[in-house]
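User: Please examine one part of this model closely and set it within the fold as a whole.
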Amino acid sequence: MTRHGRAVVAYHHRMPLARAALTDLVLIVLFAVIGRRSHDEGSALGGTLTVAAPFLIGHVVAATALRLDRAPLGVRRGGLVAVAGVAVGLLLRGTVFDRGLAPAFVLVALITITALLVGWRLVAARIAPSGARDAHARR
């Protein structure tokens, strides 16, 4: 394979990872936006990012540690990364960010973020061509 051919293959291999990473991060920010609005805290960007930051960091840590790059669209791996990312995010929120960890918030964060990150992967697997669907379903 030529050097150009290897570059094209590498580019196409990274695209699902880049899309998955961006989708995950946007959905985590969406969680923060919805939470702030439901508590009448406004929609200021700074406040939203303050709420989202521990979960964004937690997600990146979990995605790296659990090698989400191996199956960025995999439902099982995505679910595992979501749960681990929320756990790391809650740890950061309670320590580094010095924010509250009410039991209700812990449950809402875990359920909502996991549902969002697994949910979009389920939809993507459903609409993907059957060969791609079979490959991602096993991961």
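Among contacts in the protein between residues at least 6 apart in sequence, what percentage join residues at least 24 apart? Please then describe the largest pocket and its lining.

Analyst: This is a predicted model, in which local features need pLDDT of at least 70 and side-chain atom pairs count only at pLDDT 80 or more, while totals for chains, interfaces and linings use all residues. Numbering starts from 1 along each chain as its sequence is written, and side-chain values use heavy atoms, without hydrogens or water.

Of the contacts (heavy atoms within 4.5 Å) between residues at least 6 apart in sequence, 69% join residues at least 24 apart. The protein has five helices (DSSP runs of H or I, at least four residues) and zero strands, giving the order α-α-α-α-α from the N terminus.

The largest pocket (an open set of 1 Å grid points where a 1.4 Å probe fits, with protein on both sides within 12 Å along at least five of seven lines) holds about 300 Å³ of space. Its lining (residues with an atom within 4 Å of a point) comprises 15 residues, of which Phe31, Gly35, Arg36, His39 and Phe105 are the closest to the centre. Helices α1 (3-38) and α4 (103-127) each supply at least two lining residues, and α1 gives the largest share, five residues. By character, the lining divides into six nonpolar, five polar and four charged residues, with Gly counted as polar and Arg as charged.

Helix α1 also contains Leu17. Beyond residues up to four places away in sequence, Leu17 touches Asp69 and Pro72. Leu17 and Leu73 are 56 residues apart in sequence, yet their C-alpha atoms are 7.8 Å apart in space.

Key:
Grid points are joined across faces, edges and corners, and a volume is the space filled by probe spheres set on the points.
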